Amino acid sequence: MANSLRGEVLNLYKNLLYLGRDYPKGADYFKRRLKNVFLRNKDVKDPEKIKELIERGEFVMKELEALYFLRKYRAMKQRYYSDTEN
């Protein structure tokens, strides 16, 4: 693996680990799953395949951010808007 790709992979792992702190099923669950996924792909040597995996990880990061944003939005909506109409 090229050094630049190694750095990208480590950065992706750190970012996902950071985002996993607020995962709905718990940080420990997320950390185990994340570690298993990265270990499963540790023997990949093809740079193109590594880039594909990095893109997939970035997609997962964006999905997690959207999940957290939606959760915050719902909490704020419940807090400030009541569903009762009289």
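## Aromatic contacts and a nonpolar surface patch

Tyr23 has a relative accessible area of 25% and is therefore partly exposed. This value, like the others in this report, belongs to a predicted model.

The structure contains 3 aromatic pairs. In one of them, the ring centres of Tyr23 and Tyr29 lie 6.1 Å apart with the planes at 15°, so this pair is stacked. The stacked class requires planes under 30 degrees apart. Tyr23 also pairs with Phe30, and here the arrangement is tilted, with 5.1 Å from centre to centre and 45° between the planes. Tyr23 thus takes part in a stacked pair with Tyr29 and in a tilted pair with Phe30. Together, Tyr23, Tyr29 and Phe30 make up one aromatic cluster.

The members of this cluster have the following solvent exposure.

| Residue | Relative accessible area | Class |
|---|---|---|
| Tyr23 | 25% | partly exposed |
| Tyr29 | 23% | partly exposed |
| Phe30 | 10% | buried |

The class boundary explains the assignments: buried means under 20% relative accessible area. Phe30, at 10%, is therefore buried, whereas Tyr29, at 23%, counts as partly exposed.

A separate feature is found on the surface. Phe69, Leu70 and Tyr73 form a nonpolar patch there, and their combined accessible area is about 340 Å². One of these residues, Leu70, is located in helix α3, which spans residues 47-80. With a relative accessible area of 37%, Leu70 is partly exposed. Residues of such a patch must have over 30% relative accessible area, and the 37% of Leu70 is consistent with that requirement.

Note on methods
Residues numbered from 1 in each chain as written. Predicted model: local features only at pLDDT ≥ 70, side-chain atom pairs only at ≥ 80, totals over all residues. Heavy atoms only, no water. Phe/Tyr/Trp six-rings, centres within 6.5 Å; stacked < 30°, edge-to-face > 60°. Buried < 20%, exposed > 50% of the residue type's maximum accessible area, 1.4 Å probe, protein only. Patch = residues over 30% accessible without salt bridge, like charges linked within 9 Å, V, L, I, M, F, W, Y side chains within 5 Å. Areas by Shrake-Rupley, 256 points an atom, 1.4 Å probe, with all protein chains shown as cover. Salt bridge = Lys/Arg side-chain N within 4 Å of Asp/Glu carboxyl O. Helix = DSSP H or I, 4+ residues; strand = E, 2+ residues; numbered from the N terminus.
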